[in-house]
Amino acid sequence: METILTINQLTKKYGSLTAVNNLSFTIKKGNVYGILGPNGSGKSTTLGMVLNVVNKTSGDFHWFDGSDSTHTALKKVGAIIEHPNFYPYMTASQNLALVCKIKGVSKNKIDEKLEIVGLLERKDSKFKTFSLGMKQRLAIASALLNDPEILILDEPTNGLDPQGIHQIREIIRKIASMGTTILLASHLLDEVEKVCSHVVIIRKGIKLYSGRVDEMNASHGFFELKANDLVKLQQLLEEHPSIGKITLNEDLLTAILEEPMGADDLNSFLHQRGMVLSYLVKRKESLEEQFLQLTNETAL
Ligand code: ADP
Ligand code: MG
(Lines give C-alpha, C1' and ligand atoms only; values in the text may rest on other atoms or scores of the structure.)
(Ligands and ions follow the chains in the order given, each with its own letter.)
Protein backbone atom coordinates (compact mmCIF):
# COMPACT_ATOMS: atom_id res chain seq x y z
CA MET A 1 0.00 0.00 0.00
CA GLU A 2 1.26 3.44 -0.95
CA THR A 3 2.62 5.59 1.86
CA ILE A 4 1.31 9.14 2.12
CA LEU A 5 3.18 10.41 5.19
CA THR A 6 6.02 9.01 7.29
CA ILE A 7 6.75 10.58 10.67
CA ASN A 8 9.89 9.49 12.49
CA GLN A 9 10.71 10.47 16.09
CA LEU A 10 9.22 13.91 15.54
CA THR A 11 9.67 16.25 18.52
CA LYS A 12 8.59 19.81 19.26
CA LYS A 13 9.74 21.69 22.33
CA TYR A 14 8.45 25.06 23.47
CA GLY A 15 11.11 26.02 26.00
CA SER A 16 10.96 23.40 28.72
CA LEU A 17 7.62 22.03 27.49
CA THR A 18 7.77 19.06 25.12
CA ALA A 19 4.56 19.39 23.10
CA VAL A 20 5.33 16.45 20.78
CA ASN A 21 7.69 13.77 22.04
CA ASN A 22 9.43 11.30 19.68
CA LEU A 23 6.29 10.66 17.70
CA SER A 24 6.42 8.09 14.90
CA PHE A 25 3.68 6.77 12.66
CA THR A 26 2.90 6.25 8.98
CA ILE A 27 -0.14 7.08 6.92
CA LYS A 28 -1.12 4.76 4.11
CA LYS A 29 -3.24 5.67 1.12
CA GLY A 30 -6.99 5.17 1.36
CA ASN A 31 -7.37 5.01 5.14
CA VAL A 32 -9.00 7.45 7.53
CA TYR A 33 -6.69 8.28 10.42
CA GLY A 34 -7.56 9.96 13.67
CA ILE A 35 -5.04 11.58 15.98
CA LEU A 36 -6.88 11.24 19.25
CA GLY A 37 -5.90 12.83 22.53
CA PRO A 38 -7.10 15.19 25.24
CA ASN A 39 -6.78 18.96 24.77
CA GLY A 40 -3.16 20.05 24.86
CA SER A 41 -1.81 16.61 23.91
CA GLY A 42 0.05 17.89 20.84
CA LYS A 43 -2.36 17.13 17.99
CA SER A 44 -2.35 20.58 16.38
CA THR A 45 1.40 20.92 16.88
CA THR A 46 1.92 17.62 15.05
CA LEU A 47 -0.26 18.72 12.14
CA GLY A 48 1.48 22.12 12.12
CA MET A 49 4.91 20.49 11.76
CA VAL A 50 3.97 18.23 8.86
CA LEU A 51 2.28 21.20 7.15
CA ASN A 52 5.42 23.35 7.58
CA VAL A 53 3.75 26.01 9.71
CA VAL A 54 5.46 24.92 12.96
CA ASN A 55 9.22 24.31 13.05
CA LYS A 56 10.17 20.90 14.40
CA THR A 57 12.79 20.62 17.15
CA SER A 58 14.08 17.20 16.08
CA GLY A 59 13.14 14.04 14.24
CA ASP A 60 11.83 14.08 10.71
CA PHE A 61 8.93 13.41 8.41
CA HIS A 62 8.45 13.06 4.69
CA TRP A 63 5.49 13.18 2.37
CA PHE A 64 4.79 10.42 -0.18
CA ASP A 65 7.98 8.62 -1.25
CA GLY A 66 10.13 11.49 -0.03
CA SER A 67 11.39 12.42 -3.48
CA ASP A 68 9.80 15.90 -3.49
CA SER A 69 10.53 18.79 -1.13
CA THR A 70 7.89 19.35 1.55
CA HIS A 71 6.91 22.57 -0.22
CA THR A 72 6.19 20.73 -3.49
CA ALA A 73 4.55 17.75 -1.77
CA LEU A 74 2.16 20.03 0.10
CA LYS A 75 0.56 20.97 -3.23
CA LYS A 76 -1.03 17.50 -3.09
CA VAL A 77 -2.33 18.05 0.46
CA GLY A 78 -5.57 19.76 1.46
CA ALA A 79 -5.70 21.09 5.01
CA ILE A 80 -7.95 23.04 7.32
CA ILE A 81 -6.11 23.78 10.52
CA GLU A 82 -7.56 27.14 11.49
CA HIS A 83 -11.00 28.70 11.50
CA PRO A 84 -12.22 29.13 7.94
CA ASN A 85 -11.38 32.56 6.67
CA PHE A 86 -13.37 33.83 3.73
CA TYR A 87 -14.61 37.22 2.55
CA PRO A 88 -17.98 37.88 4.23
CA TYR A 89 -19.54 39.93 1.41
CA MET A 90 -18.50 37.53 -1.34
CA THR A 91 -20.59 34.49 -2.27
CA ALA A 92 -19.50 30.88 -1.71
CA SER A 93 -18.47 30.48 -5.34
CA GLN A 94 -16.73 33.87 -5.49
CA ASN A 95 -14.71 32.92 -2.43
CA LEU A 96 -13.75 29.57 -3.97
CA ALA A 97 -12.86 31.28 -7.27
CA LEU A 98 -10.40 33.40 -5.33
CA VAL A 99 -8.90 30.28 -3.73
CA CYS A 100 -8.53 28.72 -7.20
CA LYS A 101 -6.63 31.81 -8.35
CA ILE A 102 -4.31 31.71 -5.32
CA LYS A 103 -3.69 27.96 -5.65
CA GLY A 104 -3.36 28.17 -9.43
CA VAL A 105 -6.04 25.56 -10.09
CA SER A 106 -8.90 25.57 -12.58
CA LYS A 107 -12.23 27.09 -11.56
CA ASN A 108 -14.18 24.29 -13.19
CA LYS A 109 -13.96 22.19 -10.01
CA ILE A 110 -15.93 24.68 -7.90
CA ASP A 111 -19.41 23.26 -8.46
CA GLU A 112 -18.25 19.67 -8.04
CA LYS A 113 -16.69 20.47 -4.65
CA LEU A 114 -19.69 22.51 -3.50
CA GLU A 115 -21.86 19.52 -4.39
CA ILE A 116 -19.74 17.19 -2.23
CA VAL A 117 -20.22 19.40 0.84
CA GLY A 118 -23.92 20.01 0.12
CA LEU A 119 -23.60 23.71 -0.66
CA LEU A 120 -24.26 23.79 -4.39
CA GLU A 121 -27.71 25.33 -3.93
CA ARG A 122 -26.15 28.01 -1.75
CA LYS A 123 -23.30 28.85 -4.12
CA ASP A 124 -24.60 32.37 -4.71
CA SER A 125 -25.24 33.17 -1.05
CA LYS A 126 -22.87 35.53 0.70
CA PHE A 127 -20.44 33.87 3.14
CA LYS A 128 -21.70 36.08 6.00
CA THR A 129 -25.15 34.46 5.75
CA PHE A 130 -23.71 30.98 6.42
CA SER A 131 -24.07 29.04 9.68
CA LEU A 132 -20.89 27.83 11.37
CA GLY A 133 -21.46 24.36 9.94
CA MET A 134 -21.85 25.76 6.41
CA LYS A 135 -18.67 27.82 6.85
CA GLN A 136 -16.82 24.67 7.86
CA ARG A 137 -18.26 22.81 4.87
CA LEU A 138 -17.14 25.61 2.55
CA ALA A 139 -13.65 25.30 4.05
CA ILE A 140 -13.68 21.59 3.22
CA ALA A 141 -14.77 22.36 -0.37
CA SER A 142 -11.94 24.88 -0.57
CA ALA A 143 -9.39 22.34 0.66
CA LEU A 144 -10.59 19.88 -1.99
CA LEU A 145 -10.21 22.26 -4.97
CA ASN A 146 -6.78 20.94 -5.93
CA ASP A 147 -7.95 17.29 -5.72
CA PRO A 148 -5.56 16.51 -2.85
CA GLU A 149 -4.25 13.01 -2.13
CA ILE A 150 -4.93 13.62 1.56
CA LEU A 151 -7.29 15.90 3.45
CA ILE A 152 -6.18 17.09 6.90
CA LEU A 153 -8.73 18.40 9.38
CA ASP A 154 -8.07 19.74 12.88
CA GLU A 155 -11.07 19.25 15.19
CA PRO A 156 -13.50 19.56 12.26
CA THR A 157 -16.68 19.49 14.36
CA ASN A 158 -15.64 21.81 17.20
CA GLY A 159 -18.34 24.30 18.08
CA LEU A 160 -20.99 22.80 15.79
CA ASP A 161 -24.51 21.75 16.80
CA PRO A 162 -25.42 18.03 16.60
CA GLN A 163 -26.86 18.36 13.10
CA GLY A 164 -23.78 20.26 11.90
CA ILE A 165 -21.54 17.61 13.48
CA HIS A 166 -23.47 14.85 11.72
CA GLN A 167 -23.22 16.61 8.35
CA ILE A 168 -19.45 17.09 8.64
CA ARG A 169 -18.95 13.44 9.59
CA GLU A 170 -21.08 12.28 6.65
CA ILE A 171 -19.03 14.49 4.31
CA ILE A 172 -15.75 13.10 5.68
CA ARG A 173 -17.03 9.56 5.10
CA LYS A 174 -18.12 10.48 1.57
CA ILE A 175 -14.73 12.00 0.72
CA ALA A 176 -12.98 8.92 2.12
CA SER A 177 -15.20 6.62 0.06
CA MET A 178 -14.08 8.51 -3.05
CA GLY A 179 -10.51 7.38 -2.28
CA THR A 180 -9.04 10.44 -0.56
CA THR A 181 -6.89 9.64 2.46
CA ILE A 182 -7.94 11.55 5.57
CA LEU A 183 -6.09 12.61 8.71
CA LEU A 184 -8.13 14.29 11.38
CA ALA A 185 -7.27 15.46 14.86
CA SER A 186 -9.93 15.12 17.53
CA HIS A 187 -10.30 14.95 21.28
CA LEU A 188 -13.55 13.02 20.82
CA LEU A 189 -13.29 9.25 21.00
CA ASP A 190 -16.79 8.98 19.63
CA GLU A 191 -15.82 10.96 16.53
CA VAL A 192 -12.76 8.82 15.83
CA GLU A 193 -14.78 5.65 16.39
CA LYS A 194 -17.48 6.80 13.97
CA VAL A 195 -15.28 8.18 11.20
CA CYS A 196 -11.82 6.63 11.31
CA SER A 197 -10.38 3.26 10.31
CA HIS A 198 -7.07 3.91 12.12
CA VAL A 199 -6.10 5.82 15.23
CA VAL A 200 -2.98 7.26 16.83
CA ILE A 201 -3.66 8.02 20.49
CA ILE A 202 -1.39 10.58 22.11
CA ARG A 203 -1.12 12.14 25.55
CA LYS A 204 1.37 14.87 26.45
CA GLY A 205 2.90 14.43 23.00
CA ILE A 206 3.66 10.74 23.56
CA LYS A 207 2.11 7.99 21.44
CA LEU A 208 0.13 5.54 23.56
CA TYR A 209 -1.43 3.41 20.82
CA SER A 210 -1.57 3.23 17.07
CA GLY A 211 -3.45 0.77 14.97
CA ARG A 212 -6.81 -0.07 13.56
CA VAL A 213 -9.82 1.28 15.45
CA ASP A 214 -11.56 -2.12 15.37
CA GLU A 215 -8.48 -3.91 16.71
CA MET A 216 -8.30 -1.48 19.59
CA ASN A 217 -11.56 -3.01 20.71
CA ALA A 218 -10.42 -6.58 20.13
CA SER A 219 -10.34 -7.60 23.78
CA HIS A 220 -12.45 -10.76 24.30
CA GLY A 221 -13.89 -9.51 27.56
CA PHE A 222 -13.98 -11.14 30.97
CA PHE A 223 -16.25 -13.13 33.30
CA GLU A 224 -17.33 -12.22 36.79
CA LEU A 225 -18.17 -15.27 38.90
CA LYS A 226 -19.26 -16.16 42.42
CA ALA A 227 -19.63 -19.57 44.11
CA ASN A 228 -19.54 -21.00 47.61
CA ASP A 229 -16.30 -22.86 46.93
CA LEU A 230 -14.10 -20.10 45.49
CA VAL A 231 -10.90 -22.16 45.84
CA LYS A 232 -12.27 -24.96 43.68
CA LEU A 233 -13.75 -22.45 41.23
CA GLN A 234 -10.37 -20.78 40.80
CA GLN A 235 -8.67 -24.15 40.25
CA LEU A 236 -11.17 -25.14 37.56
CA LEU A 237 -10.83 -21.79 35.81
CA GLU A 238 -7.06 -22.15 35.79
CA GLU A 239 -7.49 -25.47 33.92
CA HIS A 240 -9.54 -23.84 31.16
CA PRO A 241 -7.37 -23.08 28.08
CA SER A 242 -9.35 -19.95 27.08
CA ILE A 243 -8.93 -18.22 30.41
CA GLY A 244 -5.96 -16.04 31.25
CA LYS A 245 -5.51 -13.88 34.31
CA ILE A 246 -7.78 -14.58 37.29
CA THR A 247 -8.22 -12.14 40.18
CA LEU A 248 -10.19 -12.46 43.40
CA ASN A 249 -11.75 -9.40 44.98
CA GLU A 250 -13.66 -10.22 48.18
CA ASP A 251 -16.12 -12.90 46.99
CA LEU A 252 -15.97 -11.98 43.28
CA LEU A 253 -13.67 -13.77 40.83
CA THR A 254 -12.73 -12.03 37.59
CA ALA A 255 -11.42 -14.20 34.76
CA ILE A 256 -10.02 -12.53 31.64
CA LEU A 257 -10.62 -14.31 28.34
CA GLU A 258 -7.72 -14.95 25.98
CA GLU A 259 -9.98 -16.19 23.22
CA PRO A 260 -13.70 -15.91 22.54
CA MET A 261 -16.05 -17.93 24.76
CA GLY A 262 -19.68 -17.52 25.77
CA ALA A 263 -21.10 -17.65 29.29
CA ASP A 264 -23.10 -20.80 28.43
CA ASP A 265 -19.93 -22.67 27.42
CA LEU A 266 -18.15 -21.70 30.61
CA ASN A 267 -21.18 -22.58 32.69
CA SER A 268 -21.45 -26.09 31.25
CA PHE A 269 -17.67 -26.61 31.58
CA LEU A 270 -17.93 -25.82 35.29
CA HIS A 271 -21.16 -27.71 35.81
CA GLN A 272 -19.68 -30.89 34.30
CA ARG A 273 -16.98 -30.65 36.96
CA GLY A 274 -19.47 -30.36 39.80
CA MET A 275 -19.23 -26.62 40.25
CA VAL A 276 -22.45 -24.69 40.91
CA LEU A 277 -22.20 -20.95 40.44
CA SER A 278 -24.20 -18.37 42.34
CA TYR A 279 -23.30 -15.60 39.89
CA LEU A 280 -21.99 -15.43 36.32
CA VAL A 281 -21.75 -12.37 34.06
CA LYS A 282 -19.75 -11.77 30.91
CA ARG A 283 -18.48 -8.21 30.42
CA LYS A 284 -16.43 -6.35 27.88
CA GLU A 285 -14.61 -3.09 28.30
CA SER A 286 -16.00 -0.46 25.97
CA LEU A 287 -13.68 1.47 23.68
CA GLU A 288 -14.35 4.43 25.93
CA GLU A 289 -13.13 2.58 29.02
CA GLN A 290 -10.02 1.46 27.16
CA PHE A 291 -9.38 5.02 25.94
CA LEU A 292 -9.82 6.47 29.42
CA GLN A 293 -7.47 3.85 30.83
CA LEU A 294 -4.89 4.63 28.15
CA THR A 295 -5.05 8.39 28.69
CA ASN A 296 -5.53 8.32 32.45
CA GLU A 297 -2.58 9.96 34.22
CA THR A 298 -2.54 7.40 37.03
CA ALA A 299 -2.68 4.46 34.65
CA LEU A 300 0.82 5.21 33.37
P1 ADP B 1 -3.88 19.88 21.02
O2 ADP B 1 -4.04 20.33 19.60
O3 ADP B 1 -3.76 18.40 21.19
O4 ADP B 1 -4.94 20.44 21.91
P5 ADP B 1 -1.49 21.54 20.94
O6 ADP B 1 -0.65 20.90 19.90
O7 ADP B 1 -2.25 22.76 20.55
O8 ADP B 1 -2.48 20.44 21.57
O9 ADP B 1 -0.59 21.93 22.19
C10 ADP B 1 0.30 21.01 22.80
C11 ADP B 1 1.04 21.70 23.92
O12 ADP B 1 1.90 22.68 23.39
C13 ADP B 1 0.11 22.42 24.90
O14 ADP B 1 0.65 22.27 26.19
C15 ADP B 1 0.18 23.84 24.43
O16 ADP B 1 -0.06 24.74 25.50
C17 ADP B 1 1.61 23.96 23.92
N18 ADP B 1 1.75 24.96 22.85
C19 ADP B 1 1.13 24.92 21.64
N20 ADP B 1 1.53 25.97 20.87
C21 ADP B 1 2.40 26.67 21.61
C22 ADP B 1 3.17 27.88 21.38
N23 ADP B 1 3.09 28.54 20.22
N24 ADP B 1 3.96 28.31 22.38
C25 ADP B 1 4.06 27.63 23.54
N26 ADP B 1 3.38 26.51 23.82
C27 ADP B 1 2.56 26.03 22.88
MG1 MG C 1 -5.58 21.41 18.75
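# Exercises on pockets and packed helices

The second largest pocket has a volume of about 200 Å³. Keep in mind as you work that this is a predicted model.

## Exercise 1: The second largest pocket

Task: find which residues line the second largest pocket, and how they divide into nonpolar, polar and charged.

Solution.
- Step 1. Begin with the stretch Ile80, Ile81, Glu82, His83 and Pro84, which is part of the lining.
- Step 2. Add Leu132 and Gln136, then Asp154, Glu155, Pro156, Asn158 and Leu160, and the lining is complete.
- Step 3. Sort these residues by class: six are nonpolar, three polar and three charged.

## Exercise 2: The largest pocket

Task: work out how much space lies in the largest pocket, and which element gives the largest share of its lining.

Solution.
- Step 1. Start with the volume: the largest pocket holds about 880 Å³ of space.
- Step 2. Turn to the lining, which is made by 26 residues. Nearest the centre of the pocket lie Ala79, Val99, Lys103, Ser142 and Ala143.
- Step 3. Look for elements that contribute two or more residues to this lining: they are β5 (77-80), α3 and α5.
- Step 4. Pick out the top contributor. Helix α3 provides five residues, the largest share.
- Step 5. Finish with the classes: the lining has 16 nonpolar, seven polar and three charged residues.

## Exercise 3: Helices α3 and α5

Two packed helices are described by the angle between their axes and the distance between the axes. Let's try that here.

Task: describe how helix α3 (residues 92-103) and helix α5 (residues 132-144) pack, and name the residues that meet.

Solution.
- Step 1. Read the geometry: the angle is about 30 degrees, and the axes are 10 Å apart.
- Step 2. Compare the angle with the cut-off. Angles under 35 degrees count as roughly parallel, so α3 is roughly parallel to α5.
- Step 3. Check the handedness: α3 crosses α5 in a right-handed way.
- Step 4. List the partners. From α3 come Ala92, Leu96, Val99 and Lys103, and they meet Leu138, Ala141, Ser142 and Ala143 of α5.
- Step 5. Count the classes in this contact: six nonpolar, one polar and one charged.

## Exercise 4: Helices α5 and α6

Task: describe how α5 packs with helix α6 (residues 162-177).

Solution.
- Step 1. The angle is about 15 degrees and the axes lie 10 Å apart.
- Step 2. The two helices, α5 and α6, are therefore roughly parallel to each other.
- Step 3. Their crossing is right-handed.
- Step 4. On the α5 side, the contact uses Gly133, Gln136, Arg137, Ile140 and Leu144; on the α6 side, Gln167, Ile168, Ile171 and Ile175.
- Step 5. By class, this contact contains five nonpolar, three polar and one charged residues.

## Exercise 5: Helices α9 and α10

Task: find the angle at which helix α9 (residues 230-239) and helix α10 (residues 263-272) pack, and the classes of the residues in their contact.

Solution.
- Step 1. The angle is about 115 degrees, with 11 Å between the axes.
- Step 2. The crossing of α9 past α10 is right-handed.
- Step 3. Leu233, Leu236 and Leu237 of α9 make the contact with Leu266, Phe269 and Leu270 of α10.
- Step 4. Sorted by class, the contact has six nonpolar residues, no polar and no charged ones.

Key: Residues numbered from 1 in each chain as written. Chains lettered and ligands numbered in written order. Predicted model: local features only at pLDDT ≥ 70, side-chain atom pairs only at ≥ 80, totals over all residues. Heavy atoms only, no water. Axes fitted to C-alpha atoms, helices over the stretch in contact; angles between N-to-C directions. Helix = DSSP H or I, 4+ residues; strand = E, 2+ residues; numbered from the N terminus. Parallel < 35°, antiparallel > 145°, perpendicular 65-115°, else oblique. Left-handed = near helix turned anticlockwise from the far one by under 90°. Contact = heavy atoms within 4.5 Å. Nonpolar A, V, L, I, M, F, W, Y, C, P; charged D, E, K, R; others polar. 1 Å grid on protein atoms, 1.4 Å probe; cavity = no way out; pocket = protein on both sides within 12 Å on 5 of 7 lines; lining within 4 Å. Points joined across faces, edges and corners; volume = space filled by probe spheres on them.
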